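Subject: The structure I promised you

Hi,

Here is the structure we talked about, so open it up and have it in view while you read. My notes on what turned up are just below.

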There are 2 protein chains.
Amino acid sequence: MSVTALCGGVGGAKLALGLYRTLPRGGLTVIVNTGDDFTHLGLRVCPDIDTVLYTLADLANPEQGWGRRDETWTMMRVLESLGGETWFRLGDGDLAMHILRTRELAGGASLSEVVGRFQSRLGLSAHILPMTDSGVATRLDTEDGDLGFQEYFVKLRCAPRVRSIRYEGAAAALPAPGVIDALAGDRVEGIVICPSNPYLSIDPILAVPALRAALQARRVPSLVVSPLIGGSAVKGPTAKIMSELGIASSPQAIFEHYRGLADALVIDASDIHAASRVPVPVFATNTLMSSLGDREALARFVSQRIGELAPPGSGRPEFSPSSIR
Amino acid sequence: MSVTALCGGVGGAKLALGLYRTLPRGGLTVIVNTGDDFTHLGLRVCPDIDTVLYTLADLANPEQGWGRRDETWTMMRVLESLGGETWFRLGDGDLAMHILRTRELAGGASLSEVVGRFQSRLGLSAHILPMTDSGVATRLDTEDGDLGFQEYFVKLRCAPRVRSIRYEGAAAALPAPGVIDALAGDRVEGIVICPSNPYLSIDPILAVPALRAALQARRVPSLVVSPLIGGSAVKGPTAKIMSELGIASSPQAIFEHYRGLADALVIDASDIHAASRVPVPVFATNTLMSSLGDREALARFVSQRIGELAPPGSGRPEFSPSSIR
C-alpha cells in the first residue's frame with residue numbers, strides 16, 4: 001500500500017512515524033509544511049521538515065518532540081554569553097542541519113533537493129517532500145500586532161489572540177517536485193491529513209493552489225485524522241485558535257475546515273458524541289499517540305480505513321497532473 | 001606602560017596573555033593577523049582573532065591551544081553523519097562566535113566592530129584589533145599547487161613544500177581603525193612582534209602598506225621575540241618553511257626578516273651562539289612558554305627591555321599618522 005500524508009511538526013510526525021513503520025518499504029510519502037520555515041541567526045531553519053526527518057530516523061528527542069535526542073546546547077550557552085538571541089533554541093547537533101542546508105541553498109540547490117539528500121543520508125525509505133520550494137511564510141494578525149510564525153509560536157508562546165492567519169507567497173507558490181505525483185499519481189492509494197494544527201500546519205500546505213487543486217481532484221480516498229481529543233488539542237494552540245476565530249473545537253468543525261478535501265474523518269473516541277452530523281464516514285478510535293505502539297496502531301487503523309473506503313465518487317472534475325505542472 | 005603587540009594564533013597569543021596579565025589594565029593592544037580568516041560552511045571564521053580572544057579571556061583549550069575549553073563536538077558529529085566537510089573542526093561553543101560574526105558582518109558591521117563587541121562581552125581590557133577590516137587572504141604557492149591558507153595549514157597539515165607566499169588583497173588594504181594609533185599614537189611606549197610564524201602570521205600584518213609604514217616610522221622601541229628555540233619552532237611550520245625558502249632558521253635570519261622594523265631581538269638562550277652578528281641588541285632568556293608563569297616571565301622580560309631601550313634613533317623619516325589615514 002502506498003500512502004501520502006500531509007503533516008506539520010510534532011503531532012503529525014507521530015502518525016507519519018506510525019505509517020512509516022507499518023506500511024511496506026517505500027510506501028510512505030510525506031508532504032510537509034514549510035510555512036514556519038525562517039532564517040534565524042543567518043541560518044535557514046525548517047522546523048517541521050526536520051521534525052519529520054528526525055522522527056522517522058529515530059533521532060528525535062522523545063521528551064520534547066522537536067529537536068534531536070542526545071543533543072548538547074553548548075552553542076546556545078556561548079551565544080547567550082555573547083549577547084546573542086536565545087529565544088529560539090538551536091541544539092548543537094540540530095545546527096549541522098541548518099548550516100548544511102543554508103550552505104546548499106546558497107549554492108543554488110532547491111529545498112527539496114536538500115531534503116532529499118538529508119533523507120538519503122539518514123537512510124529513510126519514506127519520501128519527505130517540502131510542500132513547495134518557493135518561500136511561503138505563515139503570518140498571524142493578532143491583538144498584539146502582525147507576527148511572524150516563530151515570533152508568535154516560540155517567542156510569545158501562542159499567547160496573543162489571533163484574528164486571522166495568512167500564508168505569504170502561497171498564491172504564487174508551485175508544489176515541490178514530486179508533490180503532485182504523490183497526490184494524483186498512479187502509485188498513491190490513499191491520502192492522510194495528519195492530526196497537525198489545521199491553521200498553522202496544514203493550511204499553509206493547502207494554500208499552494210496547484211497542491212490544493214490536486215487534492216480536490218483526487219482519485220483515491222482522503223482521510224483526515226482530527227487533532228482534537230475531547231474537544232482539545234493534545235499539545236499546541238489548535239483549540240485556542242479555533243476559539244479565537246469563533247469556531248467550536250469539534251469534529252464537525254474539523255470536517256467543515258477540510259470540506260471537499262476529505263472522504264472520511266478519524267476522530268478520538270472521546271469526541272464521538274459531537275460527530276453525528278458529519279456527512280462523511282467517521283471512524284472513532286484512540287488517537288492519543290503516547291507510545292510507539294499507539295502510533296503504529298493508529299497508522300494501521302488509518303490504512304485499513306483507506307483500504308475499505310470507496311474511491312471518491314464521480315461528479316468531481318477530472319484532474320490531470322499535467323494541467324498543473 | 002602601554003604596549004602594542006603584533007601576533008598570529010597560538011604561539012603569539014601566549015605572549016599576549018603574559019603581557020595582558022603583567023601590564024597595567026588597558027595597557028595592551030594586540031594587532032592580530034586576519035590572513036588566515038576564511039569562510040567555511042558559510043560561516044566567517046577568524047582563527048587568530050578568536051585564539052587571542054579565547055586566550056586572554058581564559059576560555060582557550062589548554063591542551064590544543066586553539067578553540068575553547070569545555071568544548072563539545074556534537075555539530076561536527078552530526079555534520080559527518082550528513083556527509084558534510086569535517087576537515088576543519090568547529091566546536092559547538094566556537095560556532096557561536098562564527099554564527100554571530102557572520103550575521104553581524106552580513107548586517108554591515110566591520111570586522112573590528114564585531115571584534116570590539118566580542119572583546120567587550122568577554123570583559124577584556126586589552127584592545128584586540130584585526131590588522132584590517134578589508135579582506136586579506138594568505139595563499140601559498142607549493143609543489144602541490146596554489147593553496148589557500150587553511151587548506152595548506154589544516155587540511156594538508158603543512159606537508160606541501162612551499163615555494164612562495166602571498167597576501168591577496170593586502171596591497172589595497174587599510175589598517176583597521178585604531179591600528180595606526182596603536183603603533184604611532186602618543187600612548188604607545190613599545191611594540192612587540194610576538195613569536196608567531198613570521199611568514200604565515202606576521203607578514204600578512206606587515207603586508208598592509210600603511211601599517212608597515214607606521215611601524216617603520218615608529219618613535220618607540222620595537223622588539224621581536226624570535227619564534228625559534230634551538231633553531232626549531234616550538235610548534236608549527238616556521239623552521240620547515242624557512243628551510244623550503246632556503247633560509248637558515250637562525251636568530252640572524254629572524255632579524256633579517258624584520259630588518260628596519262625592530263630595534264632589538266629577544267631569543268631563546270639556546271640560540272645565543274647563532275646571534276653574534278645581529279646588529280641590534282639581542283637579549284637571551286627562556287622563551288619556551290609552557291606554563292602561565294613562563295608567559296608572564298617572558299612578558300615581564302620583554303616589557304623591561306622595552307623600558308631600557310632608547311627610542312629609535314634619528315635618521316629615520318618623520319612619520320605622522322595623519323599622512324596615512
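Let's begin with a pair of strands in chain A: strand 10 (residues 222-225) and strand 13 run parallel and are joined by 3 bridges. One spot to look at is Val224(A), whose bridge partner in strand 13 is Leu265(A). Keep in mind that this is a predicted model.

Strand 13 of chain A also pairs with strand 14 (residues 282-285), again in the parallel sense, over 4 bridges. There, Ile267(A) has Ala284(A) as its bridge partner.

So is strand 13 of chain A buried or exposed? 5 of its 5 residues (264-268) are buried, so the strand is largely enclosed by the rest of the structure. Try looking along the side chains: Ala264(A), Val266(A) and Asp268(A) point one way, Leu265(A) and Ile267(A) point the other, and all are buried.

Now for the two chains together. 23 residues of chain A are in contact with 23 residues of chain B. On chain A's side, helix 3 (74-81), helix 4 (92-106) and helix 5 (111-121) each give two or more residues, and helix 4 has the largest share with 9. By class, that side has 11 nonpolar, 8 polar and 4 charged residues.

How do the copies relate? A turn of 180° with a shift of 0.0 Å along the axis lays chain A on chain B with an RMSD of 0.0 Å, so they are related as by a two-fold rotation axis. In chain A, the C-alpha nearest that axis belongs to Asp92(A), 3.0 Å away. Both copies use the same surface, with 100% of chain A's contact residues recurring in chain B.

Cheers

Definitions and conventions: Residues are numbered from 1 along each chain as its sequence is written. Chains are lettered from A and ligands numbered from 1 in the order in which they are written. This is a predicted model: local features need pLDDT of at least 70, side-chain atom pairs count only at pLDDT 80 or more; totals for chains, interfaces and linings use all residues. Two residues are in contact if their C-beta atoms, placed from the backbone, lie within 7 Å. Ala, Val, Leu, Ile, Met, Phe, Trp, Tyr, Cys and Pro count as nonpolar, Asp, Glu, Lys and Arg as charged, and the others, Gly among them, as polar. Copies are superposed by least squares on the C-alpha atoms of residues with pLDDT of at least 70 in both. A residue is buried if 20 or more other C-beta atoms lie within 10 Å of its own, exposed if 12 or fewer, and partly exposed in between; C-beta atoms are placed from the backbone. Two strands pair if DSSP finds at least two bridges between them.
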